[in-house]
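Reader: Hello! I am new to this structure and would love a close look at one part of it, the surroundings of the ligand. Could you walk me through that part?

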Amino acid sequence: MSISQHPDYAEETQYLSHTLQELEKTLKIMQKRASDLSVEVHEKNRQVTNDSSQDYIDLMVGSALLSYASNKTEALEAVRQAPYFARIDFREDKKQETERFYLGKTSIIEEEDQKLLVVDWRAPVANLYYEGRIGENHYKAPQGEITGELSRKRQYVISSGALAGISDVDIVTDDELLNACLEANATNRLKEIVGTIQGEQNQIIRSDLWKTLIVQGSAGAGKTTVALHRIAYLLYAYAGTIAGDNFMILGPNQFFLNYISAVLPDLGVGEVKQSTFEDFARAILGKKFKIQDIHHKLRIFLRSKSKPEEIRWLKQESYFKSSQAFIHVCDAYLKHLESNYLPKEGLLLAGQPFMSYKQLQDLFLHSYRHLCFEKRIPEMKKNIQSKLRTQKAAMQKGLEEKCERLREKIIMQYPNDCPQRREAMKALYDKRDALLRNLEAESKTLIAKYLAKIPKTTGLEYYKQLYTDDQLFDQFVRPAAGDFADYLRQYTLEHIRRQTLELEDLAPAMLIAVSVKGLSKSEGIRHVVIDEAQDLSLFQFYMLKRILSNCTFTILGDLYQGIHGYRSIQNWDEVQRIYLPGESASDVKILQKSYRTTIEVVDKAGLIMERLHMNPSYKAIPFLRHGDEVVYQKLDYRSTIAAIGQSILQGRAERGYVTFAVICKNQEDAATAYQSLKEQLPNVQLISEDNAVYDGGISVLPSYLAKGMEFDAVYLPWADASHYGMDALDGKLLYVSMTRALHSLYLYYEDEITPLLAC
Ligand SMILES: Nc1ncnc2c1ncn2[C@@H]1O[C@H](COP(=O)(O)OP(=O)(O)OP(=O)(O)O)[C@@H](O)[C@H]1O
């Protein structure tokens with residue numbers, strides 16, 4: 001049936017054109033308001049003086065209104081071509097009439113009578129669309145639970161302001177909109193999915209801001225997408241409480257952050273802090289060292305020439321520095337630093353005990369315990385100063401009184417004025433004055449002299465001392481590291497000598513640095529989204545929770561894709577113990593349905609995890625979308641390259657594919673494949689750690705950089721037994737590579753296909 005034959009076509013077309021007209025009206029008003037307010041705020045900014053708090057308040061109010069008007073203008077401009085994507089019809093139990101709610105990316109209100117034409121997708125009633133089924137239903141609103149009858153869920157395809165499709169659905173999973181969305185070809189960035197958010201995704205998106213969430217989601221389950229929509233939702237639901245710059249996204253690399261973050265403006269989200277773990281570390285530890293490339297060790301493990309002994313030691317080093325045992329080492333060391341931070345002496349004022357070491361320690365260790373070491377010092381200073389004022393006054397008084405008593409004694413001794421009496425008096429007053437002067441002078445410098453004895457060592461220096469100082473190393477590290485201690489020390493000292501830290505050193509060094517100096521750069525962060533969280537170590541998780549103790553977290557990852565197993569977490573229980581202590585395992589949310597790829601690809605990739613006996617409850621379940629069979633071809637290398645080149649050209653011409661990835665196990669193989677493909681495909685690009693931006697098109701890349709990405713067609717040129725053996729790391733790299741394919745997947749091998757996939 002053509003759209004114009006739909007029984008509601010006329011009515012729907014009319015609603016659309018009315019909405020578009022109103023949108024244009026509102027847009028004009030908002031544009032004018034934004035421009036007027038911009039002038040006003042600029043003017044106020046010039047006039048504001050330090051002594052007028054009213055000026056300041058006016059400026060703040062003006063800026064807030066300006067920000068609202070500018071954001072609304074942008075939001076309305078973004079939906080000019082498609083102001084809504086769905087409608088729900090709902091009759092509240094208490095009401096006679098069924099209401100219609102059109103849902104869009106931003107609300108649209110009729111100018112004259114303020115009627116709500118389009119409801120923002122984040123509004124409570126929209127839950128009915130995402131989670132409700134036709135029939136009796138309910139949703140949570142600020143005023144309480146609203147119950148009623150959901151009689152329609154309708155989806156629209158609106159293109160360039162014209163109605164192109166209408167379909168009524170029950171659950172959102174069955175809908176054509178989602179299918180159309182998933183069948184579309186990839187672009188060079190992640191998409192927004194407000195029209196097709198699934199029930200289980202919706203629950204995560206709308207979870208309470210003040211509760212930490214851990215999400216285990218299979219490859220393509222929408223973890224990253226959900227995380228970004230969650231930020232958009234929280235900004236809407238907690239407007240006034242939290243703003244964009246109160247969020248921080250931690251992602252695995254800049255390349256990935258650029259790829260995902262382009263979706264934020266589409267969702268009306270700006271100013272969210274984004275960082276890799278290494279950049280976050282730099283902000284805390286400073287710039288006086290290099291960070292070893294985070295894939296350095298992985299590359300050694302993947303190099304065929306690497307010696308097993310070397311691999312074993314390197315893994316052990318990473319494993320130890322990421323472990324609970326090393327957390328204990330660093331905590332004990334921190335305690336030691338804390339106890340020995342103050343000079344081991346009390347304070348004397350004019351030769352008299354003023355404050356004992358114990359009293360000073362008590363202030364430092366107990367009274368200001370909630371502060372980092374350095375911030376305790378000014379507080380202690382204030383406390384000592386106040387005590388000093390009292391003590392000085394008491395001592396002055398004591399001196400005066402003593403002087404008075406001595407004066408009376410002199411008078412008794414010499415009842416009449418005589419040279420001896422005058423001399424004795426003079427000596428008495430001179431001594432008193434000298435003592436008072438001394439008291440004055442000492443009280444001025446006492447605190448400064450004492451504080452000057454406190455070392456100015458940075459957290460990073462303290463961390464290094466753990467290895468450079470024999471005594472510290474033997475006291476703290478050696479007992480925990482055992483036989484492996486000497487290797488660990490030599491290895492780390494070698495890095496320190498080269499002014500380099502490994503990823504494994506960053507979390508402990510940050511923990512110490514923040515305990516010593518505090519966290520000025522990250523003040524204001526209230527919520528942290530950690531994506532690809534399976535690759536973080538226990539120590540990284542522990543440190544983040546310790547130093548960002550006022551934040552809540554959304555932690556998302558897939559343990560099947562944990563390619564840094566030698567340092568990263570092995571299960572979510574470890575993370576849960578830190579972030580959700582006392583809660584049950586069911587508090588880890590599981591997303592199993594995979595939306596990215598086809599049933600054929602998910603099934604084949606799933607074989608790997610079965611063969612590696614990975615936890616079956618993390619298995620990806622494909623969304624009902626069939627595609628091409630996965631292609632396996634036994635070819636020599638030259639023929640493989642020729643086949644890939646030909647297939648890419650065909651895919652582009654015949655299928656309209658726009659993104660292609662040739663994924664190799666490691667960087668060396670990727671470089672080889674790139675050189676070979678360049679002749680056939682001049683636009684091919686080789687992706688390495690140094691690329692910050694992904695432009696789409698044809699890419700050749702190592703498996704570990706493919707994480708989080710997706711491509712229309714994926715090619716694996718060396719899917720053979722010699723590249724991917726029955727080993728967890730090989731299996732995970734292969735799994736990551738295969739699950740990047742949206743539509744087509746090709747595997748090539750020369751002798752034998754990898755046992756991870758063999759029939
Ligand atoms: N509800 C949805 N509607 C439409 N598309 C969706 C939906 N959920 C996920 N997708 C699509 O599925 C693909 C995978 O999403 P995303 O990259 O967020 O998954 P992920 O769980 O982070 O995957 P991975 O762990 O493999 O990186 C994206 O193209 C995304 O747009």
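Author: Gladly; here is a walk around the ligand and two of the residues beside it. This is a predicted model, in which local features need pLDDT of at least 70 and side-chain atom pairs count only at pLDDT 80 or more, while totals for chains, interfaces and linings use all residues. Residues are numbered from 1 along each chain as its sequence is written.

Around the ligand there are 24 residues (near means a C-beta atom, placed from the backbone, within 6 Å), and T196, A219, G222, K223 and T225 come nearest. By class, this shell holds eight nonpolar residues (Ala, Val, Leu, Ile, Met, Phe, Trp, Tyr, Cys and Pro), five charged ones (Asp, Glu, Lys and Arg) and eleven polar ones (the others, Gly among them). Helices α4 (176-183) and α6 (223-237) each supply at least two residues of the shell; helices here are DSSP runs of H or I with at least four residues, strands are E runs with at least two, and both are numbered from the N terminus.

Let us look at G222, which sits in the loop between β8 (213-217) and α6. G222 is buried (20 or more other C-beta atoms within 10 Å, all placed from the backbone), because it has 28 of them. Leaving aside residues up to four places away in sequence, G222 touches Q201, G217, L591 and Y595 (contact means C-beta atoms, placed from the backbone, within 7 Å).

K223 belongs to helix α6. K223 also counts as buried, with 25 C-beta neighbours inside 10 Å. With the same sequence neighbours left out, K223 touches V215, G217, D531, L556 and L591.

Note on methods. Buried ≥ 20, exposed ≤ 12 C-beta atoms within 10 Å, placed from the backbone. Contact = placed C-beta atoms within 7 Å.
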